[in-house]
Structures are given as structure tokens and as C-alpha cells.
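Here are a few short exercises to work through with the coordinates open. Try each task before you read its solution.

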Amino acid sequence: MVILGAGPAGLVLGNLLLAAGIDCVILERSAREHVQARARAGYLAEHTVRVLDRHGLAEGVRRRGQRHGVCEFRTEGDRFRLDYGLLGKGEQHIVYPQHELVTDLLAHYLAAGGRIRFEAEAVEVRGADGTRPVVEVRDADGRPGRWRARYVAGCDGRHGAARRSLPAGAVRRHQRDHGVTWLGLLAEAPPSLDAVGYAIHPRGFAGHMARSPEVTRYYLQVARGSAAEVWSEDRIWEELALRLRAADHGPLRCGPISQRTVVDLESDVLEPLRHGSLFLVGDAAGLISPSAAKGANLAVVEAEILALGLTAALRHSDPAPLDRYSARCLAYIWRAQEFSQWMIRLLHADPEGVDGGSLFQDRLRHSRIETLRTSRTQQDWFAENYVGL
Ligand code: APR
């Protein structure tokens, strides 16, 4: 078994296959230090932690993760809090920086005797329609190499070799550009709220998410095509304070901005998630906009489903669970996509060109927020979808 990519998807899959006694190797393009330091998402659903727990992979999350169950919406002249941990199914998030999860998963994999090659970039997967696919790789010096296996798992993200190697017409790609752009910021500053903050403002959306006691993620909706560099630290803090209405609800705790990245909110889903011997997992299977923090959760759940399918096929000669991999994962993926799209419509004025950018749409958005503020049924629905999969 060859696994491309050592993100959450590849590492969960590697650990599970190793535990099932299936020979595998992970090929990772980047160096180990880079993989372990990359700041990404950080909100894990309880369901995800239960999956990790089932396989003895949740020790770090359980020990150092912070439970979190409140979000606060700030709108014109008002704010309201949703204690989502007490609504719906009563589930919370565990805040645990993704690079720490990756570090834990990697340590566990290596301690169990797992094989991994860093700085080994997959260039192409060939022969996926047969039973002996080949992965062509090159190392950091450009030297070529080759791995052959019964199956290949593409856990190498949206720009990886797995997607690139799919022959035309083998898999459909459903794509949506949400027409919204965020400036994603990492601030070396303690959180300013004891909740996930969502500010809905005429100047655009602003978000606040605790990452750790010393680090906070912020988001600012910006114009499409904006460059991150034009945002000075002063301008960022001014704009955040304005949109989060700090004058009314309390000042922000400022600090140096250590990362700023412009992200166009886009989603796509590949269908099916398999081409012969090649499987797609995590971001390679589908890209979800970060508005509802679902990406890493989906990656873990998909990796478990694939590991169970591969174990049945390779250890017990039962191909049926593997044959159901794509359909089972797509059910989770579409549900997450639907909720993420609902969040995007809640948080942003309707962008030009998506649904016409009309005032009509804007009024609908206000009504949606009001329903969320006042209807217990809607709040339960929100909580279940916000944390669940
Ligand atoms: N060959 C080998 N490795 C590759 C290649 C390649 N051609 N291309 C990419 N990679 C590696 C990347 O360096 C990265 O380590 O694949 C890994 C993919 O990891 P992630 O991007 O974390 O993707 P995934 O494991 O699917 O995790 C999904 O986590 O943070 C969230 O937003 C992220 O939603 C995503 C989720």
C-alpha cells in the first residue's frame, strides 16, 4: 500500500493500516520539520476525537486540547451567544492545533515501525486501472524513484499527484466558487473572546477563533484579488476592532501578526472517490471552504472508512466495504458541504455574480440570522451540524 501525503488523512490511514498488519509506506513531498510546523485548522469535532480514540491516537488531543462550545454572533446593534455544546446533541469542539495532531500521529506511526519517506514528491500514479499501480517519485535533488503496490491512497491534497493522475472522464469534479475572499490571520495574541466570534458587518465579515492561550486566528473578508501585503498590522487591528464592534463589546487583545494568507472560498467534490486501485481521501477527495472548520474532521473520518475497507479486502478477502468507500464518504462530504454553504450565506452579503448580489438576498440573510437568534429548533439544527458530520 502506498499513501501519498502525511497530513491528517495520510497519517491516520497509515496508523490504522499498520495496526491491521498491512504493509504500507507514506511518501511526503515536504521535510519533516515543515510538516510538523505548518499552522492549519484547529477545531476537532467530538466525533473525530472518538474516531482517533478508538485507535489509540487521541492521547495528545485529550491531554492538551481545550474543550469549546460557545459561539457569538455580532450584528448591527446586537450580539447573541449560542451555547452549542448544550444544544443539538450536546457536543463540543476540541481545539487542538492541527500541526500538533500531525506531530502526534507521526510519532505514533514511527513508534509502531511505520515507514515514511520525507522529501519524496509523487509525480504521477500510473496503471491505477489495473491491480499493480506504480507511483513515480522524485527526491529533493530531483532524483527519480518508483513504488509499486496493490493500492494507492491519494492523501496529498487538492494539488497533489493523485488528482493530477486521474484520466479525463474517470471522475467528475463538482466545483463552486463562493465569490468570497478571506484574509486569514494568525495573531501572536491571546483570544479576545471566550467564544468563536462571527461578526456580520456592512464592511464585510470578521471572524475570531481561539487557537491556544497565546495564539488567535482572525479572518477578514476582503475584496477578491486583494494582496495580503497591503494589510499593515495597524490596519488589520483597526478593521477587526471595527467589524467586531470592539467599542461596544470590549477591546481586542492585539499582538504581532505572524501569518496572513488570502483565501478564495471555494469548494469542490470529486465523484466517485476511487479510480480502480487509486483512492482519494481528505482534501484530495474534496475541498471544503473553511467557514465551518470541517476539512480535518472529514479527512479523519474518511481515512478510517478507507482503512476498514482495505483491511477487509486485504486481510479477509472481502471487497464489499472497500466498494462502498466512495458512497459512504460522499454522504458525509455533501452534508458538510451543505452546512458550509449555509454558513457562507449567513456570514456574507451575497457576492455579486453568485446569486445576483441583490438586496433581496441580503434581507433573506437578516431573516436567517433572526431565525437563528430566536428559534430553539433552528439553534439545535445549527449545533448538530456545526459540530457533527
Ligand atoms: N507527493 C507527496 N506528498 C504531497 C504531494 C505530492 N505530490 N502533494 C502534496 N503532498 C503532501 C503535502 O505536503 C501535505 O503534507 O500531502 C499532504 C496533504 O496534507 P493536507 O493538506 O493536510 O491534507 P489532508 O491530510 O487531506 O487534510 C485535510 O486538514 O487543515 C486541513 O484544510 C486542511 O481540510 C484540510 C485537512
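**Exercise 1: the largest cavity**

The lining of the largest cavity is made up of six nonpolar, four polar and two charged residues. In this grouping Ala, Val, Leu, Ile, Met, Phe, Trp, Tyr, Cys and Pro are nonpolar, Asp, Glu, Lys and Arg are charged, and the others, Gly among them, are polar. Please keep in mind that this is a predicted model, where local features need pLDDT of at least 70, side-chain atom pairs count only at pLDDT 80 or more, and totals for chains, interfaces and linings use all residues. Residues are numbered from 1 along each chain as its sequence is written, and side-chain values use heavy atoms, with hydrogens and water left out.

Task: find which residues line the largest cavity, and which element gives the most to the lining.

Solution, step by step:

1. Use a 1 Å grid over the protein atoms alone; a cavity is a set of points where a 1.4 Å probe fits but cannot get out, and lining residues have an atom within 4 Å of a point.
2. This rule yields five cavities of 30 Å³ or more, and the volume of the largest is about 60 Å³.
3. Its lining consists of Gly282, Asp283, Ala285, Gly286, Leu287, Ile288, Gly295, Leu298, Ala299, Glu302, Ile333 and Gln337.
4. At least two lining residues each come from β20 (286–287), α9 (295–316) and α11 (325–347); helices (H or I, at least four residues) and strands (E, at least two) are DSSP runs, numbered from the N terminus.
5. With four residues, α9 gives the most.

**Exercise 2: the ligand**

Task: find which polar atoms of Arg38 and Ala122 lie by the ligand, and at what distances.

Solution, step by step:

1. Start with the shell of 25 residues around the ligand (a heavy atom within 4 Å); Glu28, Arg38, Gln98, Ala122 and Asp283 are the closest.
2. For Arg38, a polar side-chain atom is 2.8 Å from a ligand oxygen atom.
3. For Ala122, a polar backbone atom is 2.9 Å from a ligand nitrogen atom.
4. To finish, sort the shell: eleven residues are nonpolar, seven polar and seven charged.

**Exercise 3: Thr181**

Task: is Thr181 buried or exposed, and which side chain does its own side chain contact?

Solution, step by step:

1. Locate Thr181 in strand β13 (residues 172–187).
2. Its relative accessible area is 1%, so Thr181 is buried (under 20%, with a 1.4 Å probe and protein chains only).
3. The Thr181 side chain makes a polar contact (N or O atoms within 3.5 Å, one able to donate a hydrogen and the other to accept it) with the side chain of Asp264, at 2.8 Å.

Technical notes
1 Å grid on protein atoms, 1.4 Å probe; cavity = no way out; pocket = protein on both sides within 12 Å on 5 of 7 lines; lining within 4 Å. Points joined across faces, edges and corners; volume = space filled by probe spheres on them. Buried < 20%, exposed > 50% of the residue type's maximum accessible area, 1.4 Å probe, protein only.
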